[in-house]
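Reader: I am in my first year and would like to look closely at one part of this model rather than skim the whole. Could you take me slowly through one sheet, and then show me what lies around it?

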Amino acid sequence: MTADLPRPAFTEAAPLVSGRPQWRALQRHHDEIGGRHLRELFTTESSRGERYTAEGAGLYLDYSKQRITAETLGLLQDLAVACGLPGRIEAMFRGERINVTEKRAVLHTALRAPADEPIRVGGKDVSPEVHAVLEHMAAFCERVRGGQWTGHGGKPIRNVVNIGIGGSDLGPVMAYEALRHYSRRDLQFRFISNVDGTDFAEAVRDLDAAETLFVICSKTFTTLETLTNAHAARRWCIEALGDEKAVAKHFVAVSTNDQEVVKFGIDTKNMFGFWDWVGGRYSMDSAIGLSTMLAIGPENFRAMLAGFHAMDEHFRNAPLERNLPVLLGLLAVWNNNFLGAETLAVLPYEQYLKRFPAYLQQLTMESNGKHVTLDGRTVDYATSAIYWGEPGTNGQHSFYQLIHQGTRLIPCDFIGFCQPLNPLGQQHDLLMANLFAQSEALAFGKTAEEVHAEGTAAALVPHRTFEGNRPSNTILAEKLTPETLGALVALYEHSVFVQGVIWNIDSFDQWGVELGKALATRTAAELAAKDEPQLSHDSSTNTLIRRYRRLRHSGA
């Protein structure tokens, strides 16, 4: 589909970013300002809280509590230009094969573009196909939600179970939890991803098979974990309903492999496709989002797509100095490569976003957890930080101690909303007061002199002193809506891309997951063998396999 496209110019041998003069300028700059405290920066710039902000697609970013100056920003932008960021952004939107190791375009942005906006891949406008799938999804969802689609015994669907793994699970489950406020409450949604049988058993334990629809998400319809769970669901359904023909009424597929889908027993009319230019972790707004659309309805799903598109347009057109994904990405590079921060905590002060940090883990670390450049050279600098987090205020009573007074520098992204979806007395004000207070405390801390002045016993002063100078961003939106969620996800998608461009790595492949999967296939056969297999692993793995085989059925 993309064979006629030229080889992107940015894959030609380029100096490692650490050898660029702009990188060395940032190192010298860090040597000059690295010891400055945020207390000093705010004192010398009284308007800092207004100056270091940006807005776009309904999101407001306050990055004034980052350990930067105007010069830092200028140097980071110089680095971005030297690394060809503006051209790389355009290359992505034009459908060039920027996923160079798989020779694929990267066009998740096409999934949320308007129908009248031509988007070409290999000379072909893919917009009609994208919107045909969306219409197919919408028609199906209306039938299920309206009760016209019934199960094998004629009952309407009351339970939807999404079976996938990786991006086919993390995106849908995150979106469902994030937008549960907008979901149909007479429909139950469950998500199965782990090949551990417990995940399947607990998901279906209390469900009536006659009212349950399974959405099987696998592009190739051969993904081992997903198909293992899908076949378990198939057996469960047939055993409960007593007829193999029931599969056609209780299973649909998100896939491109019609032969395997038919073999499974699913009518291809109930198969929803997507394309090789959609990476798994960038697919929640494709047909992979079918369970999301079933939950929130086609209108809200389209609103989410509009939020994605608004951030896409902002990213493509806003100048670097006011571009939210660019700023977020460059600040991540500054914290990672110059301040030495190895992790980043994402802290949403919104319970509905409880799965957002887990979603970002795959998006960021599978994208940028790379050790070689686009042309295959080993990097001599850190790439992706470790992303993690929990909703506030729960995290405050868990790991914030380490962020405030530990020995590691952990930048934070605080995410909050000005209007609650579930008003309850003054609780939202208290929630947001905690968000603002935590970012303030991390930035400014409390000196030993301030602690002593409070009358604290001298022996306790060191324990109650807060160093501060811990950097953070605050992202605010008016309310958590489908549009806002789309914009928020796109913000981080594009921030990941910005970081990958600076490091000159391929943010869209994931070869690192292949080796373990290949070894697991071999090992699974050895575990299941009736006779003692000839093992040729290392001594540790051989011993573990033999012990497992000995104990596997010892209690049976």
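Author: Threonine 53 stands opposite aspartate 62 in β2, and this pair is a good place to start reading the predicted model. The two strands concerned, β1 and β2 (residues 59-62), pair in the antiparallel sense over four bridges. They form a hairpin with two residues between them, and alanine 57, which is found in the loop between β1 and β2, has a positive phi of about 55° although it is not a glycine. Most residues other than glycine have a negative phi, and for that reason the turn deserves a second look. Alanine 57 is partly exposed, with a relative accessible area of 29%.

From the hairpin, the pairing continues to another strand. β2 and β13 also pair in the antiparallel sense, over four bridges, and in β13 the bridge partner of leucine 59 is alanine 477. Putting the strands together gives an open sheet of six, in the order β1-β2-β13-β12-β10-β11, with mixed pairing. At the edges stand β1 (53-56) and β11 (386-388), each with a single partner strand, so one side of each is left without a neighbour in the sheet. Neighbouring strands of this sheet are turned by 15° against each other on average, if direction is ignored. Helix α17 (residues 427-444) packs on the sheet, where it touches β12 (412-417) and β13 (472-477), and the direction of α17 makes about 155° with that of β12. When you trace a strand by eye, it helps to remember that in a regular strand the side chains alternate between the two faces of the sheet.

Now consider a residue that touches this hairpin region. Leucine 327 has its place in helix α14 (residues 324-338), and leucine 327 is buried, with a relative accessible area of 2%, because that value is under the 20% cut-off. Leaving aside neighbours within four places in sequence, leucine 327 is in contact with Ala54, Leu61, Tyr63, Leu73, Leu320, Glu321 and Arg322. The C-alpha atoms of leucine 327 and leucine 76 are separated by 9.1 Å, although the two residues are 251 residues apart along the chain.

At the other edge of the sheet, follow the chain around β11. Threonine 373 is found in the loop between α15 (356-368) and β11, and threonine 373 is buried, with a relative accessible area of 4%. A polar contact of 2.4 Å joins the side chains of threonine 373 and aspartate 375. Not counting residues up to four places away in sequence, threonine 373 touches Leu16, Val379, Tyr381, Trp503, Asn504 and Ile505. After β11 comes another loop, between β11 and α16 (400-405), and threonine 393 has its place there. A cis peptide bond joins glycine 392 and threonine 393, with omega about 10°, whereas most peptide bonds are trans.

With this sheet in mind, you can set another one beside it in your notes. An open sheet of five strands has the order β6-β5-β7-β8-β9, with parallel pairing, and its edge strands are β6 (188-192) and β9 (271-272), each of which pairs on one side only. Within this sheet, four bridges join strand β7 (residues 212-217) to strand β8 (residues 251-254), which run parallel, and the bridge partner of cysteine 217 in β8 is valine 254. Helix α8 (residues 197-204) packs on this sheet and touches β6 and β7, its direction making about 170° with that of β6. Helix α9 (residues 224-241) packs on the sheet as well, touching β5 (159-163), β6, β7 and β8, and its direction makes about 160° with that of β7. In the loop between β7 and α9 sits phenylalanine 221, which has a positive phi of about 55° although it is not a glycine. Phenylalanine 221 is buried, with a relative accessible area of 2%.

Finally, look at the nonpolar residues. In the largest nonpolar core, which has 126 residues, Trp277, Leu290, Leu294, Phe356, Leu485, Tyr492 and Ile502 touch the most other members. Helix α19 (residues 482-503) gives the most to this core, with 13 residues. Apart from this core lies another, of 25 residues, among them Phe200, Ala209, Phe221 and Val247.

Technical notes:
Residues numbered from 1 in each chain as written. Predicted model: local features only at pLDDT ≥ 70, side-chain atom pairs only at ≥ 80, totals over all residues. Heavy atoms only, no water. Core = buried A, V, L, I, M, F, W, Y, C linked by side-chain atoms within 4.5 Å. Buried < 20%, exposed > 50% of the residue type's maximum accessible area, 1.4 Å probe, protein only. Pairing = 2+ DSSP bridges. Axes fitted to C-alpha atoms, helices over the stretch in contact; angles between N-to-C directions. Contact = heavy atoms within 4.5 Å. Polar contact = N/O pair within 3.5 Å; in protein donor to acceptor, adjacent residues only side chain to side chain.
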